[in-house]
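Open the model in your viewer and keep the sequence panel beside it. The stops below say what to select next and what is there.

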Amino acid sequence: LGGNQLVAVPDISRCKKLQDIELSGNCLESLLDLNFLPHLTTLRLERLSLSSVASVGMLRSLQNLYLANNELEDVALLGSQFPSLEFLDVKFNLVKTTGCFTNKHFPRVTDLYLEGNPLTEDSSYRGDIAQALPSLEQIDGIQVNQSSKPGAEGKPIPPPVMRPMTATTGKIGRAV
């Protein structure tokens with residue numbers, strides 16, 4: 001349904017097993033409550049000029065949420081609205097502070113995309129968020145430094161064990 005200049009979402013109430021909805025790039029005047037979709041795991045709402053997604057309702061199974069290029073300022077409530085959220089893309093919105101990214105709000109988020117928001121003007125935003133979200137693995141596609149996470153106590157991650165070529169192949173070469 002994405003990119004079709006829709007002003008309203010068509011009736012999808014009979015699509016109970018729907019897992020992925022793409023509504024990006026339309027001209028939607030409002031969002032409908034999607035509570036009737038218990039299996040929805042991915043929701044794409046990019047480029048819609050949204051300042052809120054509260055009308056979507058609580059989606060307990062939602063794991064992936066794409067909200068890039070909207071007008072969102074406060075994203076803290078997304079965590080309680082979507083408690084299974086693991087992937088959150090809020091690139092190019094109006095998020096100004098890292099304070100809304102807490103483990104209380106986003107306990108399962110592993111991938112977070114924030115580039116293009118006012119908060120990224122502070123060079124410490126990635127480290128601040130990594131400290132606040134123990135489950136986080138990536139911010140803006142960049143691997144989170146595990147030593148910046150709570151409990152890591154600043155210890156560097158040891159390099160992988162290197163084995164000589166003969167140990168891995170079981171063959172010993174001969175000079176001729």
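**The whole chain**

Of the 176 residues in the chain of this predicted model, 38% are buried. Colour by secondary structure to begin: the chain has 3 helices and 7 strands, which follow the pattern β-β-β-α-β-β-α-β-β-α along the sequence. Switch on the surface next. About 10,300 Å² is exposed, and carbon and sulfur atoms supply 52% of that area. Among contacts with a separation of 6 or more, 31% are between residues 24 or more positions apart.

**Stop 1: the ring cluster**

Select Tyr-66, Phe-87 and Tyr-113, which ring pairs link into a cluster. A search of the whole structure gives 3 aromatic pairs. One of them is Tyr-66 with Phe-87, a tilted pair at 4.8 Å centre to centre with 40° between the planes. The two residues are 21 residues apart and belong to distant parts of the chain, Tyr-66 to strand 3 (residues 64-66) and Phe-87 to strand 4 (residues 87-89). Both Tyr-66 and Phe-87 are buried.

Now move to the other side of the cluster. Phe-87 also pairs with Tyr-113, again tilted, at 5.5 Å centre to centre and 40° between the planes. Because Phe-87 is in strand 4 and Tyr-113 in strand 5, this pair ties together parts that are 26 residues apart in sequence. Are Phe-87 and Tyr-113 buried or exposed? Phe-87 has a relative accessibility of 15% and Tyr-113 one of 17%; the cut-off for buried is under 20%, so both count as buried.

**Stop 2: Arg-44 and its partners**

Stay on Tyr-66 and add Arg-44, which lies over the face of the Tyr-66 ring, 4.8 Å from the ring centre. Then add Glu-22. Arg-44 and Glu-22 form a salt bridge, with their closest N and O atoms 3.8 Å apart. This pair links distant parts of the chain, Glu-22 in strand 1 (residues 20-22) and Arg-44 in strand 2 (residues 42-44), 22 residues apart. Glu-22 is partly exposed, at 29% relative accessible area.

**Stop 3: two further salt bridges**

The chain has 5 salt bridges by count. Select Asp-89 and Lys-91 for one of them, where the closest N and O atoms are 3.0 Å apart. Asp-89 is buried, with a relative accessible area of 3%.

Next select Asp-140 and Arg-126, whose side chains meet in a salt bridge at 3.3 Å, N to O. Where do the two partners sit? Asp-140 is in the loop between strand 6 and strand 7 (142-143), and Arg-126 is in helix 2, 14 residues apart. Asp-140 is buried at 10% relative accessible area, whereas Arg-126 is partly exposed at 33%.

**Stop 4: helix 2**

Arg-126 leads to the rest of helix 2 (residues 125-132), whose buried residues are Tyr-125, Ile-129 and Ala-130. Look down the helix axis: these buried residues fall within an arc of 130°, so they line one face of helix 2. What does that face pack against? The buried residues of helix 2 pack against strand 5 (111-113) and strand 6 (138-139).

**Stop 5: Gln-81**

Finish at Gln-81, in helix 1 (residues 78-81). Gln-81 is buried, with a relative accessible area of 12%. Show its neighbours: leaving out residues up to four places away in sequence, Gln-81 touches Val-53, Ala-54, Val-56, Gly-57, Met-58 and Leu-59.

Conventions:
Residues numbered from 1 in each chain as written. Predicted model: local features only at pLDDT ≥ 70, side-chain atom pairs only at ≥ 80, totals over all residues. Heavy atoms only, no water. Buried < 20%, exposed > 50% of the residue type's maximum accessible area, 1.4 Å probe, protein only. Helix = DSSP H or I, 4+ residues; strand = E, 2+ residues; numbered from the N terminus. Arc of directions from axis to C-beta. Contact = heavy atoms within 4.5 Å. Phe/Tyr/Trp six-rings, centres within 6.5 Å; stacked < 30°, edge-to-face > 60°. Lys NZ or Arg CZ within 6 Å of the ring centre and 35° of its normal. Areas by Shrake-Rupley, 256 points an atom, 1.4 Å probe, with all protein chains shown as cover. Salt bridge = Lys/Arg side-chain N within 4 Å of Asp/Glu carboxyl O.
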